[in-house]
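Here's a model to look at together, chain by chain. Let's go through it as questions and answers.

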Amino acid sequence: MSIQHSTRVIFKGVWRDMKTYMRYRAFFTGMILEIISLVLGFAIIGGAYYFSPDVLTRIGLAEEDLFLFMMTGAIIQMFSSIATWAPLNRIEEDIHYGTLEAVFVTPSTRLGYLLSTSIARGIISFAFFIPLYILTLWLAGALTNLAVVGFTLMVALLAMISNISVGIYFGMLAIMYRQARLLISTTHQLIQFLFGAFLPVQGFIVLHEGFGTAMKYITLAFPFTYNFDLMRHFMFGDKFITLLPVWQEFVILGSLTILYFIFARLLLIPVERKAKKQGLAIL
Amino acid sequence: MSVQNVRYAFNSSMRVLGKGIWRDLVNIRRYKLRLIGWLMNMMIGLGAAYIFGVILNFNPITTSQTGILSTQVFVFFAGGIALSTFSDTALWAPMGRVQQDIHYGTLEAVFVTPTSRIAYLLSPTISDSILNLLFFIPAYIVVLGVHGSLTDGYVLGTTMLIVLLTIISMIAFGLFFAMLAILVRRIQPVAIFLSNIFQFICGAFVPVQAFIGLNQTGGTILKYIAQLFPYTYCYDLFRYYMFGDVYTTLFPVWLEYVLLVVSSFLFVGLAFLLLKRVENKAKDSGLAIL
């Protein structure tokens, strides 16, 4: 009964979101324009900069690999909004429309409700990921290499799942703290600059020995880092030096995904307690 | 129109402008979190510039085209980030105001009273640029400090002049964009696109001179597109005064000043033309278009 009920909530939630996305064409136009400007921007950066020699020895790539490096980050970055903006927008929208209370007073599953918004965004992100992914494969010269295609698709799928898991956690935070937008926006920027989306975490050590080592360990606590690192490992091949051995990265990524899901489930308890004590006005 | 009427119209516009700026500044004091967000954005931007500066070097094409050293990435990048906050203000401030007024249902009130619409839309851009200046200055000091020209009066004076010119040209573009925001309801995707374009194509992060490193033909086309926007000259002149005579500008310096002024006036002209269209459309189709 419970699984059936949860599945129904998730399914209906995804269906509702997909319908909404279809109605707002401006959203799709925005996504397309954003992708175009991003690719153009990276191409321009790739044409004007090189990795510094110290960094190259730590990542094993060539000077002119910068554009491809950024593109591999960009394709995974497509999924980051699943974790950040999708749950936040849903909660803010429901607070705005006054429908969040309804979710909390009915016996429907709250977790399923939050999961649905991330899944819907995941499906949409995947649709936009495909053209960018094909372009990146072509740049890497691996468009016909089935092993690379298979492994990179697997990493993309893992990235989607891990982002959905982190997304529920952020959704909970958005309910707990009304002004979560700032926190989430900062996280989004940090993912871009510190977790290896566009710059290698391996290269931070060049900045400063202590800072580089500390940053490496901090970023290792988040699944985003492994998504970027594994995608590069399969796109560039063995020449790319990963942060940890590849098998370890897979294990940690899987564990972190499960851990974030459990975190979110646990965070739901104080959220509900707070709502019971102070009334639904906190929402 | 008699002289008295012109004076009356001018006074009224100034009053609308003053009150609008005052309203926005009072508002921001109430929403302190927005200020924190602004500060964090700037800090993350500077941090990113520092990391970029260590991890990346300019390639030989860029150094030969611009005359700067391959390791001067941080000063180049951080200067671009600091200055680009102004171009972002031009996009988001008027759009935010129009969207807020549509949301509250107050935009109609602005259009049925004899207040100056241009002055009204100008006010959020000015109030935001005042606030922006507060966050720009620390970043600007960091950039000058790293570059070692913190006590150089000439560099200070000339770069501040460029900052002032950037604000003025940004206000011109902001007006144009506000009109567009009223005419096209779902302008947000365009704003995000333009924001990215301003950063990448106008030279915030990559010198326009070095676009040929991407591809000879494609780079040249992009260079011509960049030359349409006033920001390109703002960034270029800012760098010219920051790096000194070793820096190769896109055009001779005097010509860049002329082009900057001309393109700013062009956008104000376009804003007035769009205003006429908006008002005609509102008259024809009713205020529901707003």
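Q: At what angle, roughly, do the axes of α4 and α8 of chain A cross?
A: This is a predicted model, where local features need pLDDT of at least 70, side-chain atom pairs count only at pLDDT 80 or more, and totals for chains, interfaces and linings use all residues. Residues are numbered from 1 along each chain as its sequence is written, with chains lettered from A and ligands numbered from 1 in the order they are written. Helices (H or I, at least four residues) and strands (E, at least two) are DSSP runs numbered from the N terminus, and axes are lines fitted to C-alpha atoms, for helices over the stretch in contact, with angles from 0 to 180 degrees between N-to-C directions. Helix α4(A) (residues 66-77) and helix α8(A) (residues 110-140) have axes that come within 10 Å, and the crossing is at roughly 155°.

Q: Are α4(A) and α8(A) roughly parallel or roughly antiparallel?
A: Angles under 35 degrees count as roughly parallel, over 145 as roughly antiparallel, 65 to 115 as roughly perpendicular and the rest as oblique. Their axes cross at roughly 155°. So this pair is roughly antiparallel.

Q: Which hand does the crossing of α4(A) and α8(A) have?
A: Picture one helix in front of the other: a crossing is left-handed if the near helix is turned anticlockwise from the far one by less than a right angle, and right-handed if clockwise. For α4(A) and α8(A), the crossing is left-handed.

Q: How many nonpolar residues are in the contact of α4(A) with α8(A)?
A: Two residues are in contact if their C-beta atoms, placed from the backbone, lie within 7 Å. On α4(A), the residues include Leu68(A) and Met71(A), and they meet a set on α8(A) that includes Phe129(A) and Leu132(A). Ala, Val, Leu, Ile, Met, Phe, Trp, Tyr, Cys and Pro count as nonpolar, Asp, Glu, Lys and Arg as charged, and the others, Gly among them, as polar. The contact has no charged residues, two polar ones, and the nonpolar count is nine.

Q: Are α4(B) and α7(B) roughly parallel or roughly antiparallel?
A: In chain B, α4 (residues 73-104) and α7 (residues 153-183) have axes that come within 8 Å and cross at roughly 30°. The crossing is right-handed. These two helices are therefore roughly parallel.

Q: Which residues of α6(B) does α2(B) meet?
A: The axes of α2(B) and α6(B) (residues 117-147) are 10 Å apart, at an angle of about 20°. That makes the pair roughly parallel. Trp38(B), Leu39(B), Met42(B) and Leu46(B) sit on the α2(B) side, and they meet Phe135(B), Ala139(B) and Val142(B).

Q: Which element gives the most to the side of chain B that touches chain A?
A: The contact takes 29 residues from chain A and 31 from chain B. On the chain B side, α2 (32-55), β1 (56-58) and α8 (188-201) each give two or more residues. With ten residues, the one that gives the most is α2(B).

Q: Which residue in β1(B) does Tyr50(A) stand opposite?
A: Strands pair if DSSP finds at least two bridges between them. Here three bridges join β1(A) (residues 49-51) to β1(B), and the strands run antiparallel. Tyr50(A) stands opposite Asn57(B).
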